[in-house]
Amino acid sequence: EEVVGHFDAHRGAMGNAATAAAAVEALSGEHGLLKELHAALSERLGLRPLGGHFGEALLGGLAAAGEVDSVVAACAEMEASGHRVSPRGYALMIKNFLKAGLLDPALSQAKAMRKRGILVPPFATALLLQAACDSGRAAEVYCGLAPGDYGLPTEALLVVLDDCCRRGDVELAGRVERAQRASGVGSVPPQALAQLLKIHVAAGSPRAMDLWPELVQARRVSEGLAVTLLSRSADAKFLRFAEEVARHMRQQGVMTVALYGVLMKVYGACGLHGRACDLYGEMLTEGVEPDAAMYSSLVRFASECGRTDLWRELSQKSPTPDLPNTVSLFKALGRDRDADGVAALLRKLRSGGGPCDLAIFNCALDALVTAGDLEQAQALFEELRGANAPDIVTYNTLLKGICLRGDWKSAQALMQQMEREGQQPTDISYNSMINCAVSAGNTRQAWLYVEEMERKGIRPDRFTVAIMLKAVRRDNASDLQRTFRLLDSSGVDVTSEAVLLNTVLEACVRFRETGRLERILASCERSIGSLSMHTCAAMIRAYSMLQRPDKCWGLWLSVVQERALEPNAVTLGCMLDALVCAGRVDEAVQLFREWKGKFEGATTVMYSTLIKGFASTGRAREAMEMWSEIRAAGVPMNVVVYNTLINAQVRAGAIQEAAQVFESMDRTGLAPDAISFATLIKGHAAAGDLDTCFELFHRMRRQGLAKDSVVYNTLLDGCTRHNRMDLADTVVHFLEKDGVAPSSFTLGIIVKMHGKRRQLDRAFEVVEAYPVKFGVAANAQCLTCLMNACISNGALPRAWSVFDQLRKMGDTDSKACGVLLNGCVRAGRVDEALQLLEEAYGLNGRKRLLPHGQELMPENIEDVVRLMAARSMQREIGQLLSQFGAARVPLNGRLLNSLLGYADGTRGGGGSHGPPRRDLP
């Protein structure tokens with residue numbers, strides 16, 4: 001009332017909008033007073049917010065008070081009276097809404113400005129984006145504020161990019177950059193370029209390689225920025241970019257201790273310890289003296305890459321050892337298996353030459369265990385025990401050494417001693433015992449230790465899971481699922497640690513756990529930059545098993561080309577195998593030729609992989625050319641390469657070339673193994689050269705290589721196919737005489753042989769006798785062969801009897817049903833054929849015999865219908881078609897047209913010629 005009274009008393013001097021605006025601004029944010037003042041000034045003095053300072057001040061004040069509805073009403077009143085909100089009014093509302101913590105109303109006002117073609121002030125844009133970043137809504141607000149190709153002012157641009165840098169948001173950073181370049185601004189400021197580089201380098205994005213020259217051209221690369229970029233390159237293993245930065249800094253002559261140190265960190269992160277050590281020589285040449293931390297790192301790197309002389313030199317040159325440097329020295333001595341050196345270093349430390357406490361003693365103990373000198377380790381342990389000094393680390397270190405030696409009893413005794421002396425076993429203790437049990441092949445004991453851990457409330461960790469996964473045998477699916485349940489219940493993130501990740505990937509590939517594998521690979525793809533080369537190899541194997549060669553290529557290019565990491569022999573071998581398995585042999589050959597010079601000694605396996613690729617694609621000549629290349633290069637051959645090459649020739653029908661390769665093995669000092677003989681015998685058998693087969697077979701027997709059923713199966717199959725039953729009897733005789741256990745496949749061939757010789761009773765005798773005599777099961781394939789023999793010998797009732805046996809076993813697959821159906825057709829037994837069709841597809845309410853997803857061959861069905869047509873059963877054919885439709889039996893177009901023709905009589909049924917006679921499968 002005082003303010004309004006004062007206005008009224010001095011109406012001539014103060015009764016104007018400018019003075020009223022000053023009063024409104026003074027009360028900005030005071031919601032109640034502001035509304036009263038507004039009403040009084042409007043009604044008593046006739047001053048209304050019709051634009052100008054009064055309106056701007058009123059809108060800003062209401063916004064500061066957080067009165068969103070009042071602001072909207074005031075804006076509407078101004079518009080209705082013909083006054084538009086001024087740019088300053090909008091700016092005041094945006095600023096004050098943000099002060100009140102109201103981001104959305106502020107954004108609405110900014111959008112209203114843009115809609116009216118008014119430029120949002122740079123300070124307001126920056127404030128809006130800062131508030132959005134603080135609330136985690138940077139992308140949303142940016143898109144609302146700067147749609148399309150709208151560029152941001154520098155201050156606002158840096159706000160967004162700073163937030164992207166903190167959160168690693170490569171997508172938003174890319175969107176902002178593209179909009180900036182597409183706008184009238186055109187270029188990106190150097191400060192923003194630096195932020196973009198940090199973002200892309202941390203993500204290992206190849207975009208960094210495009211941005212770097214632009215920043216260099218702007219002459220804005222300081223030592224601090226270079227250190228930051230190199231440090232991020234180390235985290236992302238982005239070697240290619242790191243070396244580009246180092247090259248530039250060398251050209252500028254500003255390679256400092258800090259830059260050398262972080263570049264060394266990059267090489268260490270990428271596993272290139274030798275190249276990290278090479279920097280030491282460069283530093284000495286440039287007159288740069290390493291600091292204590294760098295000496296410690298260099299000692300570790302020299303040890304990792306086996307440069308013993310260098311780490312000894314470094315350990316002498318380094319200043320008085322601090323704790324990290326001393327630990328590195330002990331680890332280096334342990335890796336070098338220099339137990340005496342460990343003892344000497346410990347004596348030096350004891351005499352006052354550096355730190356010497358329990359942590360140092362534990363490091364020395366670990367080094368002795370690593371060096372394999374368990375006697376000195378136990379002596380040091382007893383010394384510590386006598387001084388009442390051991391802690392749980394001491395016990396676990398000695399336990400690890402005892403377990404690595406496989407001394408199960410001593411390990412158990414130490415565990416009991418730990419508990420007696422008040423040291424409770426930890427997860428590390430149990431993992432050592434579990435690993436010891438697994439190494440001894442005692443999986444049951446390993447699981448007992450896992451159960452004991454859980455009873456004591458010790459949660460299995462990633463090492464527990466990795467050890468148990470390695471213990472799972474290929475034939476033990478229950479142990480696999482139990483281990484995966486252990487992994488799931490442990491709460492361990494599979495991708496958090498390389499050893500566990502590699503172990504899980506390899507287990508999933510080995511046991512074809514495709515669902516779990518897909519989920520893990522999807523997680524890995526989000527952090528490719530931090531993956532080790534060993535993990536990349538495991539991922540390539542996994543993608544190959546999932547038949548996704550493009551993913552293999554994508555991973556290879558990302559790691560090798562974009563990050564410039566050097567693949568090891570294992571990774572290259574996995575990539576070659578993935579390409580070969582995908583039938584992309586030419587790509588594999590090209591990749592091999594690009595990299596083979598860097599893996600001398602490892603190329604034998606790679607050559608074998610490529611030859612396997614030529615074999616699988618029928619390119620025998622190229623396989624022989626590669627063999628010539630191997631010999632010309634002097635690459636040592638092994639039996640695997642020869643066997644692969646022999647198989648390539650056999651598959652192409654080049655028997656003479658296969659024999660040439662086989663005979664050349666002796667000349668190179670390699671003796672053919674059982675696979676070499678069996679592969680060549682298979683080739684000669686396919687060509688009908690059974691005499692040579694038996695010559696090779698007798699050589700195998702003399703050399704003691706005919707120890708399994710594979711070669712006997714090959715010979716039996718060849719003899720049966722070429723009707724040499726006398727030789728087949730000889731093979732069976734040797735099989736039984738040599739005590740070789742036949743397989744189910746052997747049994748099936750013998751049944752087929754007796755059926756062909758019209759010795760059906762003998763076939764049944766073999767099926768009954770072999771399971772008892774040799775313990776080999778008569779499986780579904782074997783019984784299908786027996787059923788086929790029955791049909792070939794005109795014994796359809798006995799075939800039905802065998803089929804009933806299959807029905808009881810639950811093994812009535814499409815092949816078995818097809819064989820019996822063909823037998824019914826050949827015998828003219830139309831009723832039995834229809835009965836079998838109904839049972840196979842579950843027609844007329846019957847239970848379906850065929851497994852889910854399996855169907856009869858179209859010709860099997862057509863043969864039955866043709867027989868029905870020959871018997872003038874057109875009405876029954878129509879009913880059968882209706883039943884097929886009701887049961888949703890898939891019929892291709894050709895078969896459906898054929899059956900419709902038989903049903904309406906437009907296709908003949910064979911007439912007096914009777915049922916068709918089709919060769920049995």
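A nonpolar core is a set of buried Ala, Val, Leu, Ile, Met, Phe, Trp, Tyr and Cys residues joined through side-chain atoms within 4.5 Å. The legends below describe close-up views of a predicted model.

**Figure 1. The largest nonpolar core of the predicted model comprises 304 residues.** Within this core, Phe241 and Tyr841 touch the most other members. Helix α33, residues 533-545, supplies the largest share of the core, 9 residues. In soluble globular proteins, nonpolar side chains tend to be buried together. For the setting of this view, the protein chain has 921 residues, of which 49% are buried. Its secondary structure comes to 53 helices and 0 strands. Among contacts in the protein chain with a separation of 6 or more, 63% join residues 24 or more positions apart.

**Figure 2. Helices α14 and α16 pack at an angle of about 15 degrees.** Two packed helices are described by the angle between their axes and the distance between the axes. Here helix α14 spans residues 207-217 and helix α16 spans residues 239-251, and their axes lie 10 Å apart. Angles under 35 degrees count as roughly parallel, and α14 and α16 are therefore roughly parallel to each other. Their crossing is right-handed. From α14, the residues in the contact are Ala208, Met209, Trp212 and Val216; from α16, they are Arg240, Phe241, Glu244, Val245 and His248. By class, this contact has 6 nonpolar, 1 polar and 2 charged residues. Phe241, which α16 brings to this contact, is also one of the two residues that touch the most other members of the largest nonpolar core.

**Figure 3. Helices α45 and α46 cross at roughly 165 degrees.** The axes of α45 (residues 744-756) and α46 (residues 760-774) come within 8 Å. Angles over 145 degrees count as roughly antiparallel, and α45 and α46 are therefore roughly antiparallel to each other. The crossing of α45 with α46 is right-handed. Leu747, Ile750, Val751 and His754 of α45 meet Leu760, Arg762, Ala763, Val766, Val767 and Tyr770 of α46. The contact has 8 nonpolar, 1 polar and 1 charged residues by class.

**Figure 4. Tyr841 and Glu839 are shown with their contacts from beyond the neighbouring sequence.** Leaving aside neighbours within four places in sequence, Tyr841 is in contact with Arg848, Leu850, Glu855, Leu856, Ile861, Phe884, Ala887 and Val889. Tyr841 is, with Phe241, one of the residues touching the most other members of the largest nonpolar core. Glu839 is found in helix α50, residues 830-841. Glu839 counts as buried because its relative accessibility is 9%. With neighbours within four places in sequence again left aside, Glu839 is in contact with Arg807, Arg846, Lys847, Arg848 and Leu849. Arg848 thus appears among the contacts of both Tyr841 and Glu839.

**Figure 5. Asn860 of helix α51 is in contact with Gly818 and Leu821.** Helix α51 covers residues 858-870. At 9% relative accessibility, Asn860 counts as buried. Gly818 lies 42 residues from Asn860 along the chain, and the C-alpha atoms of these two residues are separated by 6.2 Å. The contacts named in the title leave aside neighbours of Asn860 within four places in sequence.

**Figure 6. Ala389 occupies the loop between α24 and α25.** The flanking helices cover residues 374-386 for α24 and 392-405 for α25. Ala389 has a relative accessible area of 28% and is partly exposed. Not counting residues up to four places away in sequence, Ala389 touches Leu358 and Leu384. The C-alpha atoms of Ala389 and Phe361 are separated by 9.8 Å, and the two residues are 28 residues apart along the chain.

**Figure 7. Arg512 has a positive phi of about 55 degrees although it is not a glycine.** Arg512 is found in the loop between α31 (498-510) and α32 (514-525). Its relative accessibility is 53%, and Arg512 therefore counts as exposed.

**Figure 8. Arg888, which is not a glycine, has a positive phi of about 55 degrees.** The loop that holds Arg888 lies between α52 (874-886) and α53 (893-904). Arg888 counts as exposed, with 75% relative accessibility.

How values were computed. Residues numbered from 1 in each chain as written. Predicted model: local features only at pLDDT ≥ 70, side-chain atom pairs only at ≥ 80, totals over all residues. Heavy atoms only, no water. Axes fitted to C-alpha atoms, helices over the stretch in contact; angles between N-to-C directions. Helix = DSSP H or I, 4+ residues; strand = E, 2+ residues; numbered from the N terminus. Parallel < 35°, antiparallel > 145°, perpendicular 65-115°, else oblique. Left-handed = near helix turned anticlockwise from the far one by under 90°. Contact = heavy atoms within 4.5 Å. Nonpolar A, V, L, I, M, F, W, Y, C, P; charged D, E, K, R; others polar. Buried < 20%, exposed > 50% of the residue type's maximum accessible area, 1.4 Å probe, protein only.
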